[in-house]
Structure formats: structure tokens, C-alpha cells
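I opened this entry to look up how the two chains of the model meet, and then to follow one residue inside a chain. I kept to what could be read from the coordinates and the confidence scores.

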Protein chains: 2
Amino acid sequence: MSAVVHATFAGGVEGAWAVERISPVVGQPLAAVARLSVTEGREAPSPGGAIWRLRAVTSNFRYTNETERAALADLQPDLGRPQATRAALIPIRKTAEWWALAQDRRREIFEERSRHIAIGLGYLPAIARRLYHARDLGEPFDFLTWFDYAPADAGLFEELVGRLRETEEWRYVEREVDIRLMRE
Amino acid sequence: MSAVVHATFAGGVEGAWAVERISPVVGQPLAAVARLSVTEGREAPSPGGAIWRLRAVTSNFRYTNETERAALADLQPDLGRPQATRAALIPIRKTAEWWALAQDRRREIFEERSRHIAIGLGYLPAIARRLYHARDLGEPFDFLTWFDYAPADAGLFEELVGRLRETEEWRYVEREVDIRLMRE
């Protein structure tokens with residue numbers, strides 16, 4: 001997705017998703033909430049009474065090369081398949097050291113050494129994914145990644161996040177929260 | 001500069017910079033104003049009565065590789081040198097086609113074919129420069145570039161912008177306004 005679509009993720013007592021658990025992986029946690037709402041659009045109202053609100057945007061590719069873009073376009077399902085009643089929202093902030101690196105240095109760590117895209121491709125089409133950017137918005141996290149999958153693929157999803165967290169790229173993660181969701 | 005610093009450029013009747021001229025290069029122009037104010041900080045108040053207001057942020061490198069980063073760090077002066085009493089603010093928006101390209105395709109056009117960074121390096125240290133990003137903020141422009149220079153280097157600056165506008169990269173520019181400024 002290369003268009004800029006604004007989204008707000010609001011944790012509170014309203015929203016289509018029930019929160020199963022919120023686990024701090026590294027750094028400051030997010031407060032426990034019962035439900036999560038996702039609204040799209042820059043001015044779209046998100047529910048009142050939210051305990052926290054995370055704003056982010058879809059944007060252009062930052063590291064993905066043309067070969068990878070084409071492979072993802074072939075394999076990647078849309079979000080919201082009827083059977084995808086499990087979801088995860090994983091907000092991440094990376095260190096100042098990461099952001100000071102030149103583009104080629106970040107790409108080397110991200111893909112040539114950590115295989116971030118290659119690992120994700122291995123879990124398609126079971127695990128659908130959308131990346132949102134938040135750093136330029138002055139938000140507390142740099143990215144939010146949304147995943148959805150069928151209950152039967154929950155084990156695959158654990159394997160995917162476990163593999164990513166062992167990579168060199170993850171040494172530059174200074175805050176990560178793992179929010180697991182379900183809908184009826 | 002890799003830190004996220006919010007800035008607001010407000011055109012109106014207040015501000016440290018007198019507007020010499022505002023030229024539409026391609027696409028919709030910006031309204032004529034007498035003065036420009038630049039304020040930093042996400043919540044910093046910018047003058048009331050502005051005719052237009054452009055918000056943007058400094059951010060991480062998007063195309064610059066390590067060799068280029070080091071060359072820029074060696075040669076690039078800070079903004080605001082006492083003799084730099086001329087400035088330009090050039091807001092640009094690129095096409096949807098540009099933004100849909102994979103990262104390596106954009107890098108190839110930007111540097112391997114258009115020599116954007118190499119051309120700019122040739123005008124250092126005379127022409128100081130800072131790039132601001134605005135696309136993820138939902139602003140009407142994708143980037144704002146601020147340049148400052150001494151009056152004696154105004155001809156060099158014309159040459160620099162003229163060369164950039166002839167590149168392949170500029171075929172993807174769908175809106176550009178060229179705002180020239182001076183301070184006493």
C-alpha cells in the first residue's frame with residue numbers, strides 16, 4: 001500500500017475487537033483495556049472514553065525492493081478475511097541509533113542480515129499484515145503492524161513473531177507492545 | 001538530521017523573512033504573502049492571520065547511503081550563517097506513480113540516474129539545505145526544502161535548482177512552488 005491512509009487505534013471499552021491480552025515485550029507497557037476500535041480517515045471520530053489512542057498512516061515502501069514488492073503483491077491477502085477472527089497490533093519504537101543510520105545501512109540490517117521480508121513471505125497467505133508509520137507524526141511509537149489470521153494459524157503467528165524478535169534488527173527495538181485481539 | 005523536529009512555515013504579514021517572490025513551477029500556486037515565519041516544535045504557536053501554513057518534520061534519511069551521508073556531514077554548513085540573508089523554501093509533491101514504486105526503483109531514479117545528492121554536494125558549502133517531510137502528515141506537499149545562502153551565491157543557487165529540474169526525478173513532480181526570501 002503506497003497511499004497515505006490515516007488510522008486511529010483506540011483502546012477502551014468500545015470497538016469491534018475484544019482484547020485478549022496486552023504484553024509489554026520491551027520498554028513501557030500500554031494500559032490494559034477491554035476493546036480496541038480501528039477508525040480510518042484523518043478526521044474520523046474515534047470512540048470517546050479511550051484509555052489510549054495511537055495514530056498512524058500507511059505510506060510508501062521504505063526498504064522493499066521491486067522483486068520483494070512483486071512477491072508480496074502475489075501472495076499477500078487483504079485484511080479482513082471472514083475466517084481471520086484473530087488479530088495482533090504490535091506497536092514498535094526503534095532507537096535513535098537506528099534512525100541515524102544511512103538508508104543502505106538500515107536496509108542491510110533489515111533484510112540482508114535479518115531477512116525481515118523473507119521471513120514474513122514464508123507465512124503468506126496465512127498471516128495477513130499491514131504496516132502503519134507513526135514516527136513523523138510525533139507519536140510514541142515509530143510503527144504499528146496489524147496482522148490478522150484464522151484461529152488455526154495462531155501457532156504459525158507465534159513462530160513468526162518469535163523468529164523476528166531473534167534478528168539483529170530487533171536489537172534496535174527499544175519499545176514493543178504485543179496486543180492480541182479477537183472478534184466474534 | 002535524523003531526529004523528528006516539527007516546523008511550521010506560515011505565510012502572511014509576520015515573520016523574520018520578507019518574501020521576494022512566489023513562483024508556481026508546476027501545479028497549483030500558493031497565494032502571495034508579504035512575510036514568512038518559521039516556528040519549530042509540534043505545539044509552538046505560529047503567527048495568527050496567516051494566509052497559508054505548511055507543516056513538516058525533519059526525519060531520517062530516505063535514500064542517502066553511508067558514503068553520501070559522510071560526505072554531506074563533512075561539507076554541509078548549518079543553516080543561519082550570518083551572511084546567509086537569502087533563502088528559498090521549495091515545497092514539492094510527487095505523483096502517485098512515484099510513491100507506488102519500490103524503494104530500489106526510487107533510489108535508482110533519484111541518485112543513480114538523476115544524481116540528486118551528487119549535484120547538491122557540488123554546491124556545498126555555499127548553499128546550505130534542510131529537508132522536511134510532510135507526506136505522512138496529510139499535508140498538500142510531500143517535502144519542503146529550505147535553502148539559505150549569501151546574496152553573492154544567488155546565481156549558484158539558480159544553477160542548482162535549474163539542474164535538478166532537468167533530471168528524470170523531476171518528471172515525477174506534480175506540484176512545485178518556489179518561494180524566495182530575504183532577511184535584513
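**Entry 1: polar contacts across the interface.** I began with the polar contacts, and between chain A and chain B I found 16 residue pairs in polar contact, both residues being at pLDDT 80 or more. Since this is a predicted model, I noted the confidence before going further: chain A has a mean pLDDT of 96, with 99% of its residues at 70 or more. For the complex, the predictor gives an ipTM of 0.94 and a pTM of 0.95.

**Entry 2: salt bridges.** I then asked how many salt bridges there are between chain A and chain B. The count is two, and I looked up a bridge between the side chains of Arg62(B) and Asp136(A), where the N to O distance is 2.9 Å.

**Entry 3: which elements take part.** On the side of chain A that touches chain B, I listed the elements that give two or more residues, and these are the strand β4 (52-57) and the helices α1 (66-75), α2 (96-100) and α3 (103-113) of chain A. Of these, α3(A) gives the most, with four residues. When I sorted this side of chain A by class, I obtained ten nonpolar, nine polar and eleven charged residues.

**Entry 4: extent of the interface.** I recorded that 30 residues of chain A are in contact with 30 residues of chain B. The area buried between the two chains is about 2,400 Å², and carbon and sulfur atoms give 44% of that area.

**Entry 5: symmetry.** What rotation superposes chain A on chain B? I noted a rotation of 180 degrees, with 0.0 Å of shift along its axis and an RMSD of 0.0 Å, which is the relation of a two-fold axis. The same surface serves both copies, in that 100% of the contact residues of chain A recur in chain B.

**Entry 6: one residue within chain A.** Finally I turned to Leu121(A), which lies in helix α4 (residues 116-121) of chain A. Which residues is Leu121(A) in contact with, leaving aside its neighbours within four places in sequence? I found Ala71(A), Leu72(A) and Leu75(A), and I noted that these three fall within the range of α1 (66-75) of chain A. For Leu121(A) and Ala71(A), which are 50 residues apart along the chain, I recorded a separation of 7.9 Å between the C-alpha atoms.

Terms used: Residues numbered from 1 in each chain as written. Chains lettered and ligands numbered in written order. Heavy atoms only, no water. Contact = heavy atoms within 4.5 Å. Buried area = accessible area lost by both parts, 1.4 Å probe. Salt bridge = Lys/Arg side-chain N within 4 Å of Asp/Glu carboxyl O. Polar contact = N/O pair within 3.5 Å; in protein donor to acceptor, adjacent residues only side chain to side chain. Nonpolar A, V, L, I, M, F, W, Y, C, P; charged D, E, K, R; others polar. Least-squares fit on C-alpha atoms with pLDDT ≥ 70 in both. pLDDT = per-residue confidence, 0-100.
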